[in-house]
There are 2 protein chains.
Amino acid sequence: MLVVQKYGGTSVGDCERILNVAKRVSETKQKGHGVVVVVSAMSGETDKLLGYTKFFSRLPNLRESDMVLSAGERVTSALLAIALEELGFKAISLSGRAAGIITDDSHTKARIEYIDVARLNALLAKDYIVVVAGFQGVTKEGEVTTLGRGGSDLSAVALAGALGADLCEIYTDVDGVYTTDPRIEPNAKKIDKISYDEMLELASMGAKVLLNRSVEMAKKLNVNLVTRNSFNYNEGTLITKEQEIMEHPIVSGIALDKNQARVSICNVEDRPGIAAEIFGALSEANVNVDMIVQTIGRDGKTDLDFTIPEVELENAKRVLKSFEGSVESIDYDKDIAKVSIVGVGMKSHSGVASKAFRALAEDNINIMMISTSEIKISMIIRLKYAELAIRTLHSVYELDK
Amino acid sequence: MLVVQKYGGTSVGDCERILNVAKRVSETKQKGHGVVVVVSAMSGETDKLLGYTKFFSRLPNLRESDMVLSAGERVTSALLAIALEELGFKAISLSGRAAGIITDDSHTKARIEYIDVARLNALLAKDYIVVVAGFQGVTKEGEVTTLGRGGSDLSAVALAGALGADLCEIYTDVDGVYTTDPRIEPNAKKIDKISYDEMLELASMGAKVLLNRSVEMAKKLNVNLVTRNSFNYNEGTLITKEQEIMEHPIVSGIALDKNQARVSICNVEDRPGIAAEIFGALSEANVNVDMIVQTIGRDGKTDLDFTIPEVELENAKRVLKSFEGSVESIDYDKDIAKVSIVGVGMKSHSGVASKAFRALAEDNINIMMISTSEIKISMIIRLKYAELAIRTLHSVYELDK
């Protein structure tokens, strides 16, 4: 079996921890598996380097920033190789360049274009444990690039895909993906298996362990992804194809997103193209619109409700100023939360939504907006009810069982 | 004019200092010169990284060590490029690889084989200030190497040679080379110009500003070398060809080396090959023998006195144990110092040595060993007289004038 393992910043936070990682890696190797390891920078290191660049400029040159930021992973990868060799294993570190990771030239947020795995395969064939510096690649012209937030996960998934690895294990300091946030609902259970699509919908919970970017790539490349804890030996959560999971629960998890704001535009002219104008302007300003609800028009007017990330609120206000003349009012509301019920099983089960509505009604929680997809029901409620709603829904769908 | 400037660890010790370096570099650029800058890692950084590698192994893998150790210079070079760009200059950082520095594969102490300056020249032609990460290169196969102690100086000198630069300025935290150690003789004067050969002989003083390795390369490549202080605007010391210096003082400087030990072997069998056997054995054990004095043989026996670096003493004792049977006695003496008078002008002046002998005699300082070369007179004396001897000789040759 060929396994790609990725260890994050806290897992390689100091030399002791790197040694611990070396031991884990060697255990996998000793089981007879081929192992490629992807490492992040020691925790705090990338922030320190980023701080240096910001000392000189609010907007430091991106090519140079990549040169600075890529240093941390190079160090950890070589240190891990040294540690593995000291444990008696054949190990070698590779920078993004040496690992053949070719990206576009969008410095500080580059996209992997392809991976030339010739050298990696040659080293694996010679029984080497190959340690790859995560988060980085080079352009076709040989310029160093970095992959942006969650970049090391992306390196691991892309390598697993290119190498046809059987498993890509992402090690962090949590056990895996939970049915909901355990800090809100102590009875939350770790999920053993979940489909890519469910994982993507659980993003707000998953963000702590995996960014959507990595899950999307894993889905595209058919990579079996496991998130595990590097500080214990608990089984993690396998994220895989829907078909690989024998029995789907109706609901897999309850997600919470408190960082949303609602925009309510009243009495918009109900003519073709007005929504396109508004959302076009927001999109141009890089404001991501999430849920949209448009009420049925009366008297040639309509109401438009939508949510945006809270951090984009000021940006959105600026954009929407130009529409103030042609609408009755624009209200902004930060005091909301988005609660989502996620499950592939919903596709074949009816009554999932009504069960949620009823349960929240019994708690006197008013639902302000609803949107549904095949595998998700999202509801906007008052922020103060967020935790209560999570606990209620978690219990209604028996996720604690 | 094309200038290569090299800034050491203390000169780029933190972001403030890097900004200071950027200002100095930009001043040179604004005078209309082409500028290539070579930087070390921020002071302390390389030791920190070295410490990491030693955590895992007493003898960490050398290839991996180079991957770790080369990180520091990459960071500083890119930070300086960011700072220069912020000051309004076109600047770009290059790793050793990108700068075309090709070395042999002696990891952690690689030798530069050649420099492919095509990219550097192209960037200079486009008016870029090029910032090169010092201390590193790559093998022909593309593996990262580092150049060992003083490696960044070496990068600078080699680049200056390959580019045919008019000047190679080495910036440190001292003003230049002095007629002797100013901590011993406060009247020591900064030397304005000195020949490569004198500089090499003054090694024990020069070590603080320049390693012999760099001076030797500068001599070989005909590079005009200047050592200057990055914290002030004083003129430094120019190290150049003997012919370039119009008027030579008879004596340029007085050097002191306290880290020598003397080995005295009494009544060695005076037959051909015995000295070769002894020095051969020492050389095999990597003990560098410096001064050697062999007395004229009597009764088929001879005495052999020589000096070695004090750190090699235990090593030498181990080696010489096997000769104990065939000699009368072997004495070891750490309580000595080597004082050297250096000057190209000696070649054409007689009486330089006798002046020294007389002066030391007047101070009741006994000379235990003497060796001379065309431009140097070295004497071994008791350690306790070292400072007195330095001050006396400095004054006798009027170096304070």
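User: Which helix of chain B does Ala316(B) lie in?
Analyst: A quick note on the ground rules: residues are numbered from 1 along each chain as its sequence is written, while chains are lettered from A and ligands numbered from 1 in the order in which they are written. This is a predicted model, where local features need pLDDT of at least 70, side-chain atom pairs count only at pLDDT 80 or more, and totals for chains, interfaces and linings use all residues; side-chain values use heavy atoms, with hydrogens and water left out. Helices (H or I, at least four residues) and strands (E, at least two) are DSSP runs, numbered from the N terminus. The run that holds Ala316(B) covers residues 313–320 of chain B, and that's helix H11.

User: Is Ala316(B) buried or exposed?
Analyst: The cut-offs are under 20% relative accessible area for buried, over 50% for exposed and partly exposed in between (1.4 Å probe, protein chains only). Ala316(B) comes in at 0% relative accessibility, so it counts as buried.

User: Which residues is Ala316(B) in contact with, leaving aside neighbours within four places in sequence?
Analyst: Contact means heavy atoms within 4.5 Å. With the sequence neighbours within four places set aside, the partners of Ala316(B) are Leu282(B), Val287(B), Ile308(B) and Tyr332(B).

User: Which strands stand at the edges of the open sheet in chain A?
Analyst: Two strands pair if DSSP finds at least two bridges between them. On that basis, eight strands of chain A form an open sheet with mixed pairing, in the order E3-E6-E2-E1-E9-E11-E12-E10. The edge strands each have a single partner strand, so one side of each is left without a neighbour in the sheet: these are E3 (91–94) and E10 (193–195) of chain A.

User: By how many degrees are neighbouring strands of this sheet turned against each other on average?
Analyst: Axes are lines fitted to C-alpha atoms, for helices over the stretch in contact, and angles run from 0 to 180 degrees between N-to-C directions. For neighbouring strands here direction is ignored, and the average turn is 20°.

User: Which residue in E12(A) stands opposite Ser195(A)?
Analyst: E10(A) pairs with strand E12 (residues 237–240) of chain A in the parallel sense, over three bridges. Within E12(A), the residue opposite Ser195(A) is Thr240(A).

User: What angle does the direction of helix H4 of chain A make with that of E6(A)?
Analyst: Helix H4 (residues 71–86) packs on the sheet, where it touches strand E2 (34–39), E3 and strand E6 (129–133) of chain A. Its direction and that of E6(A) make an angle of about 165°.

User: Which C-alpha in chain B is nearest the axis relating the two chains?
Analyst: Copies are superposed by least squares on the C-alpha atoms of residues with pLDDT of at least 70 in both. A turn of 180° and a shift of 0.1 Å along the axis lay chain B on chain A with an RMSD of 0.1 Å. That's the relation of a two-fold axis. At 2.7 Å from the axis, the nearest C-alpha in chain B is that of Ala71(B).

User: Which side chain makes a polar contact with the side chain of Ser11(A)?
Analyst: Ser11(A) sits in the loop between strand E1 (2–7) and helix H1 (15–30) of chain A, and its relative accessible area of 1% makes it buried. A polar contact is a pair of N or O atoms within 3.5 Å; within protein, one must be able to donate a hydrogen and the other to accept it, and residues adjacent in sequence count only if both atoms are side-chain atoms. For Ser11(A), the partner at 2.7 Å is Ser230(A).

User: How far apart are the side chains of Tyr233(A) and Glu27(A) in their polar contact?
Analyst: Tyr233(A) is in the loop between strand E11 (225–229) and E12 of chain A, and it's exposed at 52% relative accessible area. Its contacts beyond four places in sequence are Arg24(A), Glu27(A) and Arg228(A). The polar contact with Glu27(A) spans 2.8 Å.

User: What is the bridge partner of Gln294(A) in E16(A)?
Analyst: Seven of the nine residues of strand E16 (residues 301–309) of chain A are buried, so it is largely enclosed by the rest of the structure. Strand E14 (residues 260–269) of chain A pairs with E16(A) in the antiparallel sense over eight bridges. Strand E15 (residues 292–294) of chain A also runs antiparallel to E16(A), joined by three bridges. In E16(A), Gln294(A) has as its bridge partner Leu304(A).
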